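Dear colleague,

I am handing over the structure we discussed, and below it you will find my notes on what turned up in it. Please read them with the coordinates open.

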Amino acid sequence: MLPPETDPSPTPGDHTDRILAHGRDIGHRGIAWIIGPLLVGLLAVGMAMGSDLMHTLNSRLVQIHPYAPLLFMPPAFALLAWLGLRFFPGTQGSGIPQTIAATDAGPDQDVGYLLSWRIVVGKVLLTLGGIGVGASIGREGPTIQIGASVMHSFFGRGPFQQIELRRILILAGGAAGIAAAFNTPLAGIMFAIEELSKKHVFNANSSSLVTIIVSGLISLSLLGSYTYFGTTASTLSWNGSLAAILLCGVIGGAAGGLFSRLFILISFAQRCVNLIRAKPLWVAAGCGLIVAILGVVTHGLVFGSGYEPTKLSLENSVALPWYFGVAKFFATLVSSTSGIAAGIFAPSLSVGAGLGDNIAALWPDMADHSAIVLLVMTAYLSGVTRAPVTSFIISMEMTNSHQMLLPLMAASVVANQMSKLFCPEPLYHKLSEKFAAPPPGYVPAIRRSEINSNPEQDPQTKYSSEVKAHAENEASKKIVD
């Protein structure tokens with residue numbers, strides 16, 4: 001018989017500890033998978049409502065005088081760039097490359113410089129500020145980084161200790177962000193699978209789906225059931241429209257690939273990099289001046305996301321000015337590379353609408369005007385993002401055009417292949433390389449491994465050995481209850 005001091009039988013205290021640890025485990029999971037999505041949904045709705053207010057503000061600023069943007073936009077761009085560099089580093093650009101970089105980060109790498117509550121605050125303020133001054137940007141990419149930051153804040157707490165769980169939190173937050181931003185739940189799931197988790201397996205388990213569903217319900221309850229760009233009833237028949245589908249796919253994919261190629265060139269060419277590092281505020285001011293000139297020439301059409309002209313072209317077949325697509329192309333490129341917070345999803349769809357309107361004007365009998373516009377919107381977005389499935393699903397959901405599913409699918413696939421001829425590397429994944437390492441001066445948080453090796457440093461990691469083993473076994477199987 002074993003002596004009393006080595007008796008392995010559990011004591012009442014051990015049993016109580018296991019019960020308390022299991023309770024804390026359930027509590028952390030409930031907070032993460034319920035409170036987290038609620039916050040993502042509320043922030044996405046806030047971004048949507050704030051964007052509308054900022055667009056109204058910009059319209060009033062432009063109405064002050066036709067040439068007013070030439071005066072206020074350069075210093076406004078410089079101010080936004082300075083605020084980002086000084087107080088919110090990591091908020092520059094759309095936020096999707098940062099989310100990808102955080103997803104791909106190793107287990108010992110702290111990603112607080114990419115995803116944090118500081119990023120949430122900065123991304124909201126700077127994105128809305130950019131829309132308010134007239135930058136050709138959208139809120140969708142920033143909402144993805146915001147959603148990923150909110151969900152990532154639960155990492156390191158309770159059972160969320162392993163690298164796979166960190167990836168699941170980030171992917172779920174990013175997917176919920178785009179689902180709530182566009183009111184497109186299917187596109188949110190596909191974007192997480194196709195773009196954010198390209199190097200990893202996306203585990204669409206119940207927790208991930210709950211995150212997307214809850215965030216979407218928040219958006220639905222506060223903003224109502226809506227389609228982002230309205231509704232189109234246009235249809236295409238395969239017998240007589242194959243030429244239109246191929247032409248739209250080729251032109252949209254080529255234009256999207258060209259945009260990505262120029263974006264990458266500006267972002268990685270050594271001369272451009274050196275100039276931006278040496279004089280970031282002057283570069284931002286110069287970009288603001290270029291966008292202002294484009295806005296004055298186009299009577300303000302290129303400012304903001306381009307939502308209104310795109311909706312008019314789709315719903316009412318209103319002909320856009322011939323120069324809209326090209327001007328919007330360059331306004332979006334300049335705004336996105338200026339160093340301010342800038343999403344490119346909605347502006348890209350607007351560029352596609354402008355180019356589609358050009359095609360419809362050149363070949364008016366080829367197909368219905370709205371159908372051509374929708375095809376090129378999808379093709380251009382596919383060419384830019386190199387995410388063909390996400391592109392045709394998001395275009396279908398945003399316009400309630402389920403009858404166009406097969407033509408959109410075909411145009412998106414053609415565009416994806418065409419884009420590769422102009423830009424072999426996917427845009428977001430190439431840009432994510434800029435965020436693979438923390439910026440100079442960044443002080444990382446305490447390593448998770450150091451915390452786990454000494455549970456006394458953090459009361460939230462004080463679990464019994466049975467509960468920790470159970471959590472590790474769940475993570476190894478990529479299961480989150």
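Arg386 counts as buried, because its relative accessibility is 11% and the cut-off for that class is under 20%. Please keep in mind throughout that this is a predicted model.

Backbone angles

Arg386 lies in the loop that links helix H15 (369-385) to helix H16 (388-399), and its phi is near 55 degrees, which is a positive value in a residue other than glycine. Asn400, placed in the loop between H16 and helix H17 (405-422), likewise is not a glycine and has a positive phi of about 55 degrees. As background, most residues other than glycine have a negative phi. Whereas Arg386 is buried, Asn400 counts as partly exposed, because its relative accessibility is 35%.

Helix H12 against H15

The helix that precedes the Arg386 loop, H15, also takes part in a helix pair: its axis and that of helix H12 (residues 307-316) come within 7 Å and cross at roughly 135 degrees. H12 is therefore oblique to H15, because that angle falls neither over 145 degrees, where a pair would count as roughly antiparallel, nor in the range of 65 to 115 degrees, where it would count as roughly perpendicular. On the H12 side the contact is made by Thr310, Ser313 and Leu314, and these meet His369, Ser370, Val373, Leu374 and Met377 of H15. Sorted by character, the residues of this contact comprise four nonpolar and four polar ones, with no charged residue.

Asn58 in helix H1

Which backbone oxygen does the side chain of Asn58 reach? It is that of Gly132, at 3.3 Å. Asn58 itself belongs to helix H1 (residues 12-64) and is buried, because its relative accessibility is 4%. If its neighbours within four places in sequence are left aside, Asn58 is in contact with Phe72, Ile131, Gly132, Val133, Gly134 and Phe303, so that Gly132, the partner of the side chain, appears in the contact list together with Ile131, Val133 and Gly134.

Cysteines

Finally, how many disulfides does the structure hold? The number is zero. Of the cysteines, I looked at Cys248, which counts as buried because its relative accessible area is 0%, and at Cys272, which is partly exposed because its relative accessibility is 29%.

With best regards

Technical notes. Residues are numbered from 1 along each chain as its sequence is written. This is a predicted model: local features need pLDDT of at least 70, side-chain atom pairs count only at pLDDT 80 or more; totals for chains, interfaces and linings use all residues. Side-chain values use heavy atoms; hydrogens and water are left out. Helices (H or I, at least four residues) and strands (E, at least two) are DSSP runs, numbered from the N terminus. Buried means under 20% relative accessible area, exposed over 50%, partly exposed in between (1.4 Å probe, protein chains only). Axes are lines fitted to C-alpha atoms, for helices over the stretch in contact, and angles run from 0 to 180 degrees between N-to-C directions. Angles under 35 degrees count as roughly parallel, over 145 as roughly antiparallel, 65 to 115 as roughly perpendicular and the rest as oblique. Contact means heavy atoms within 4.5 Å. Ala, Val, Leu, Ile, Met, Phe, Trp, Tyr, Cys and Pro count as nonpolar, Asp, Glu, Lys and Arg as charged, and the others, Gly among them, as polar. A polar contact is a pair of N or O atoms within 3.5 Å; within protein, one must be able to donate a hydrogen and the other to accept it, and residues adjacent in sequence count only if both atoms are side-chain atoms. A disulfide is a pair of cysteine sulfur atoms within 2.5 Å.
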